[in-house]
Every structure is written in C-alpha cells, then in structure tokens.
Amino acid sequence: MSGLSHYVADKEWGYGIAFKLSSSKALTPEETTEMAREAMKELAEEAIRRGAIMIGHIKCILKASGGYVKADTIGAKYGVYVEAKLTEPVREAILVVNSIVVGLSKDENIELTRNLTKKVAEGYGFNVIILETKT
Amino acid sequence: MKVIQIAGFLGSGKTSALLIISRKISSEHKKRVAIIVNEIGDVPVDARVLELGGLRVKEIAGGCICCELSGNLALTLSELADKFGPDIVLIEPTGVAIPDQVKVAIGMGRRDTTIPIDAGPVIVIYDAFRIDELLSNETVNNFINRQILNADVVAINKVDLVDGARIQYCENKIRETNPNVRMMRISALKGEGIDELTRIILEEEGTASIRPGALP
C-alpha cells in the first residue's frame, strides 16, 4: 500500500450517504444524541473488526427542526466527539454520514456504512430511508 | 483577496480550526470571510457543519481540488472574487490533498479575475493525539510528510489531550521531515493558540514551495 497515490486514496477510502429518519414516537434530544454517538462508535469498531488498518475519519450530522447533532470519531479507542443543540424531541431528521476508512475495500465500506447506520437508527425506533448516496 | 489553505490529514481537526478561525476573523477583525470545502465522500458533512456555524461555504464535490477538480477551484475563486469580494478565502482541502498542488490551482484562479488574489501561508494541521497510529502506516506517513514539506506553518493540534513530552515528540518528527518549518501548538476545540494562528493568516504571506527531497 506504500505506493498508493492520493488520487486513489481520495477515491477508495471515503463514502458518503444521507438518510431520512422518521418515527411515530418522538425521541428525546438525549436519545437522538446517543444514537449519533452509537452509530459512530459502531461504525469505527466494525470497520476495524473487518480488517481496516485505521479509521481516517467517520463523521455525521443530524439535522431536525429543533436543531442538530454532529458527531465524529478517528477510531473507537479515541472516543466519539459529540456536539448537540436540540431544543425539542425529534420525529423527523436528515442524517448524513461520511465514512473515510483506511484499508477496507470500497464495497465493504459502502455496505458497512449503509447497513450499520440503518440498523443503529432502527434500533432507536426510526424508519430509515436512503436519500442520497455517492462514492 | 487573500487565499489560505488549511490542510492536514484526515481527522486532524481542520474543520474545527477553520470554524473558530473564521468566526474570529469576521467578528473580531471585521473582515469578510468565504470558505471553500473539498471533502472525500461526496455527500459532505463538513460544509454542513460550517454552515450551521453561520459561515458562508462553497462546497466543491466529486473529486480532489488538487488534481482533477483544480479547474473548479480556480473558477470558484474567480467567481467569489467577482461576486462576493471576500477579504479572506479559507480553503479546506481533503485530508489527502497535496498543498503545493492546491497552490497551483489557486494560481490558476488568479488568471480569471481582475481582482488581485494573494496566496497566504499554507497551514497544515497535525494531530498530536494519534500520531503513533498515523506514523505506523507507511502510506499515511507519506501523505503526512508530503503535507509537512509543503507547509509554511504546522499547527500541532489537540495539545489539550496530550502531555508536553508527546508534543515534543511531534515537533521532533516534524523537524525530521522539514527542519525549517514554523511550528505552533493549538487546540482548535479549546481555542488555544488560535489568536496567533489567526494573526499569521491575516498578516503573513505564503512562502512554501516544493522543497528538495519532497515526496513525488
């Protein structure tokens, strides 16, 4: 991997996806914040479990009518940084995740980011629809 | 219009630094700031984060501004100059971009506008918190070293999370790559060192170029 060009890294390491989240039961700001934190932690841990050399940067932003949550990690062992400004419970939100991982195949990063983020959000009671996905 | 790139490897704290510096330049120094963000992944998070901070952000997506989208950067700069007229443009390249190549693209932007564009210093943000992990991988190490070679200033970030010995270790590693580069210590989240970094951005000109021994 030592000869990897920055062009290849740019194309192969990163994946971005946007989800629409909706729920009949509103989540509290604390629950919503915890969901974002958990998604980042789970993605980082699972990427390493699947053979990634290291986490480049996994980050997300959740926007709802009552504000936002942003979370990111450079690896589960370094923790997840979270900043939340939510003033009301969340029924609907847009969640954007950008996962940049070193040493995992592009296809595996795509599959991981889509499915694991969806699973975490569904675990909090959200219905999840993929809005936009680009590589 | 002065153009400054805030480069650095993935997760080093570029967006956090850019956010606090931009606010300081606009609120304390009363200058008009525009931000250009180029992000790996193409469904961007950083631009949205910066916009939430009340900043004017232009996102360039779909590739890297130091190579395949260099023309887009040049066009964006000339459009910003002509339509918005900012005093300062801060560019956040991707974490693997090559600063010297971004400088070339900035130079291309100069040709397409009548408004003078000055290249400011190249700032490279360096992550003190996980330096061992980063340097343990040859590819990542090469990316980081190339950025250091292209830097006017290396800002060692996250100094609030490490001890003095770790910072000294980072400084030694940086010196091994670029003995003459200026270094400073910052915490983008705590605001430490940001006044000095802002002063450098506002007052100093860029000098860095590809130096002998630069990685290909």
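Me: What volume does the largest cavity have?
Reply: Happy to start there, keeping in mind that this is a predicted model. The structure holds two cavities of 30 Å³ or more. The largest cavity has a volume of about 60 Å³.

Me: Which element supplies the largest share of the lining of that cavity?
Reply: Strand 6 (123-127), helix 5 (131-135) and helix 6 of chain B each give at least two residues to this lining. Among the lining residues are V124(B), I125(B), Y126(B) and D127(B), along with F9(B) and I144(B). With four residues, the largest share comes from strand 6 of chain B.

Me: How many residues of the lining of the largest cavity are nonpolar, polar and charged?
Reply: The lining includes I131(B), L134(B), S12(B) and Q147(B). Sorted by character, the residues of this lining come to seven nonpolar, two polar and one charged.

Me: Is I125(B) buried or exposed?
Reply: This residue lies in strand 6 of chain B. Beyond its neighbours within four places in sequence, I125(B) is in contact with I6(B), A7(B), A17(B), A155(B) and I186(B), among others. Buried means under 20% relative accessible area. Because its relative accessibility is 1%, I125(B) counts as buried.

Me: How far apart in space are I125(B) and I156(B)?
Reply: In sequence, I125(B) and I156(B) are 31 residues apart. In space, their C-alpha to C-alpha distance is 6.1 Å.

Me: Which residue caps the N-terminal end of helix 6 of chain B?
Reply: Let's look at the backbone nitrogen of T139(B), which has a side-chain oxygen 3.1 Å away. T139(B) is itself one of the buried residues of helix 6 of chain B. The residue that offers the oxygen, and so caps the helix, is N137(B).

Me: How many residues of helix 6 of chain B are buried?
Reply: Helix 6 of chain B has 12 residues, which should span 16 Å at 1.5 Å a residue, and its end C-alpha atoms are indeed 16 Å apart. The buried ones include V140(B), F143(B), R146(B) and L149(B). The helix is mostly covered, and the number buried is nine.

Me: Which elements do the buried residues of helix 4 of chain B pack against?
Reply: Helix 4 (residues 99-111) of chain B has 13 residues and reaches 19 Å from its first C-alpha to its last, close to the expected 18 Å. Its buried residues are P99(B), D100(B), V102(B), A105(B), I106(B) and G109(B). They pack against strand 1 (2-8), helix 3 (70-83), strand 4 (88-92) and helix 6 (138-149) of chain B.

Me: Which residue just after helix 3 of chain B takes a positive phi?
Reply: Helix 3 of chain B has 14 residues and reaches 20 Å, close to the 20 Å expected. Its buried residues include L73(B), L77(B) and L80(B), and what covers the buried residues includes strand 2 (33-38), strand 3 (57-60) and helix 4 of chain B. Just after this helix, a positive phi of about 60 degrees belongs to G85(B).

Me: Which element gives the most to the lining of the largest pocket?
Reply: The largest pocket has a volume of about 980 Å³. Its lining has 47 residues, with D72(A), Y81(A), G13(B), S16(B) and L189(B) nearest the centre. Strand 2 (54-64), strand 3 (67-73) and strand 4 (81-86) of chain A, as well as helix 1 (14-27) and helix 2 (46-52) of chain B, each supply at least two residues. With six residues, the one that gives the most is helix 1 of chain B.

Conventions
Residues are numbered from 1 along each chain as its sequence is written. Chains are lettered from A and ligands numbered from 1 in the order in which they are written. This is a predicted model: local features need pLDDT of at least 70, side-chain atom pairs count only at pLDDT 80 or more; totals for chains, interfaces and linings use all residues. Side-chain values use heavy atoms; hydrogens and water are left out. The expected span of a helix is 1.5 Å times one less than its number of residues. Buried means under 20% relative accessible area, exposed over 50%, partly exposed in between (1.4 Å probe, protein chains only). Contact means heavy atoms within 4.5 Å. On a 1 Å grid over the protein atoms alone, a cavity is a set of points where a 1.4 Å probe fits but cannot get out, and a pocket is an open set with protein on both sides within 12 Å along at least five of seven lines; lining residues have an atom within 4 Å of a point. Grid points are joined across faces, edges and corners, and a volume is the space filled by probe spheres set on the points. Ala, Val, Leu, Ile, Met, Phe, Trp, Tyr, Cys and Pro count as nonpolar, Asp, Glu, Lys and Arg as charged, and the others, Gly among them, as polar. A polar contact is a pair of N or O atoms within 3.5 Å; within protein, one must be able to donate a hydrogen and the other to accept it, and residues adjacent in sequence count only if both atoms are side-chain atoms.
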